[in-house]
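Subject: Structure handover and notes

Hello,

Here is the structure I said I would pass on. My notes on it follow below the entry.

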Amino acid sequence: MTAMRLEGRTALVTGASQGIGEAIVRVLGAQGAKVIAAARSIDKLQSLSAELAAEGVEVHPLELDLAAPETVAEKLGELPESFSEVDILVNNAGITEDGLLARMSLEAWEDVLRVNLTGAFATARAVSRGMMRRRWGRIISISSVVGLMGNAGQANYAAAKAGLVGFSKSLARELASRNVTVNVVAPGFIGTAMTDRIPEKHREELVGVIPLKRLGSVDDVAWAVAFLASEEAGYVTGHVLNVSGGLYI
Ligand SMILES: NC(=O)c1ccc[n+]([C@@H]2O[C@H](COP(=O)([O-])OP(=O)(O)OC[C@H]3O[C@@H](n4cnc5c(N)ncnc54)[C@H](OP(=O)(O)O)[C@@H]3O)[C@@H](O)[C@H]2O)c1
């Protein structure tokens, strides 16, 4: 990791306390960005911040609950001066509450939509004004191949993840004139706590249908995000980048 493509930039990563979000914090930090790491588990964020401080990476832990999207703007308004200008937003926080339609409660539907989609809306709205004013910004949302292909038992999750695509394409058009790019990364099956819950036999079957014959790693996703966040990706907007080992082509 020698290139320092993100020096001078401040990134906000939601869902940064573990899994893909934590990997994104590490990779963006290694590329020279200062990072606001947001999630509900403040202790995990604090240890990540302490660990990366030892490597010279500045990480500000931020307790943020996207199940209460109406609180997001205020929380971001309280950031310390040196972290107050967000240049790169990564909407990564996500939850699942799976079930077949007949058994899916309205609550399970609304919970997933609120955190995964409304949370991204509230966060993007809060940081976009500064990006437009400064004439530079990157908004990257972590969707899923499930949002593109559908998945039995995940109607709520698929709807939220597909929603992120329409949301991002609309923002890409709205914000382009201010040099703010808006893109989506759609991972396939990535080895994390979320996929650890899949039973072993089912996991083997899944790997069997992935052309690259392995689950993705959190770094596979983080590097795609780092590219879209970079200066060099400045002419890429409204794009959905699949990181799925060919699962979705
Ligand atoms: N793993 C996969 O195979 C895969 C595939 C495609 C897409 N994705 C997407 O990639 C993203 C990250 O997935 P992951 O596998 O790393 O998931 P994960 O390990 O379950 O982590 C989810 C993150 O979201 C945060 N979060 C959950 N509820 C939140 C809330 N109400 N407010 C704020 N933060 C909240 C969690 O932090 P706290 O609990 O501390 O709040 C955690 O940091 C998700 O959007 C997921 O849908 C994952």
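Is L89 buried or exposed? L89 is buried, because 27 other C-beta atoms lie within 10 Å, and a residue counts as buried from 20 such neighbours upward. Please keep in mind that this is a predicted model.

L89 sits in strand β4, residues 88-91. Setting aside residues up to four places away in sequence, L89 touches L12, T123, A124, V127 and I139. G188 is 99 residues from L89 along the sequence, and their C-alpha atoms are 21 Å apart.

The nonpolar core

In soluble globular proteins, nonpolar side chains tend to be buried together. Here the largest nonpolar core has 67 residues. Those with the most contacts inside this core are V13, I24, L28, A37, V185, V221 and V225. For V221, the contacts beyond four places in sequence are I20, A23, V185, P187, I190, G216 and V243.

The ligand

The ligand is surrounded by 29 residues, of which G15, G19, R40, S41 and G94 are the closest. Two elements, α1 (19-30) and α7 (193-196), give two or more residues to this shell. By class, the shell holds 15 nonpolar, 12 polar and 2 charged residues.

Helices α1 and α2

α1 has 12 residues and spans 17 Å from its first C-alpha to its last, close to the 16 Å expected at 1.5 Å a residue. Because 11 of its 12 residues are buried, α1 is largely enclosed by the rest of the structure. The buried residues are G19, I20, G21, E22, A23, I24, V25, R26, V27, L28 and G29. After α1 comes G32, with a positive phi near 105°.

α2 covers residues 42-53, which makes 12 residues, and reaches 16 Å between its end C-alpha atoms, close to the 16 Å expected at 1.5 Å a residue. Its buried residues are L45, L48 and S49. Seen down the axis of α2, these fall within an arc of 100°, so they line one face of the helix. An α-helix has 3.6 residues a turn, so residues three or four places apart point the same way. On the other side of α2, D43, A50 and E51 are exposed. The cover over the buried residues of α2 includes α1, β2 (34-39) and β3 (59-63).

K44 is also in α2. K44 counts as partly exposed because 16 other C-beta atoms lie within 10 Å. Leaving aside neighbours within four places in sequence, K44 is in contact with S17 and Q18. K44 and E22 are 22 residues apart along the chain, with 9.8 Å between their C-alpha atoms.

Two positive phi values outside glycine

Most residues other than glycine have a negative phi, and most peptide bonds are trans. R135 is not a glycine, yet its phi is positive, about 60°. R135 lies in the loop between α4 (106-134) and β5 (137-142). R135 counts as exposed because it has 10 C-beta neighbours inside 10 Å.

K213 is the other case to list, with a positive phi near 55° in a residue other than glycine. K213 lies in the loop between α8 (200-208) and α9 (218-229). With 10 C-beta neighbours inside 10 Å, K213 counts as exposed.

Around α8 and after β7

E204 belongs to helix α8. E204 is exposed, with 10 other C-beta atoms within 10 Å. E204 and R214 are 10 residues apart along the chain, and their C-alpha atoms are separated by 9.3 Å.

G245 lies in the segment after β7 (240-243). Is G245 buried or exposed? G245 counts as buried because it has 21 C-beta neighbours inside 10 Å. Not counting neighbours within four places in sequence, G245 is in contact with G188, I210, P211, L212, R214 and G216. V209 is 36 residues from G245 along the chain, and 9.8 Å separates their C-alpha atoms.

Regards

Definitions and conventions. Residues numbered from 1 in each chain as written. Predicted model: local features only at pLDDT ≥ 70, side-chain atom pairs only at ≥ 80, totals over all residues. Near = placed C-beta within 6 Å. Helix = DSSP H or I, 4+ residues; strand = E, 2+ residues; numbered from the N terminus. Nonpolar A, V, L, I, M, F, W, Y, C, P; charged D, E, K, R; others polar. Core = buried A, V, L, I, M, F, W, Y, C linked by C-beta atoms within 7 Å. Contact = placed C-beta atoms within 7 Å. Expected span 1.5 Å × (residues − 1). Arc of directions from axis to C-beta.
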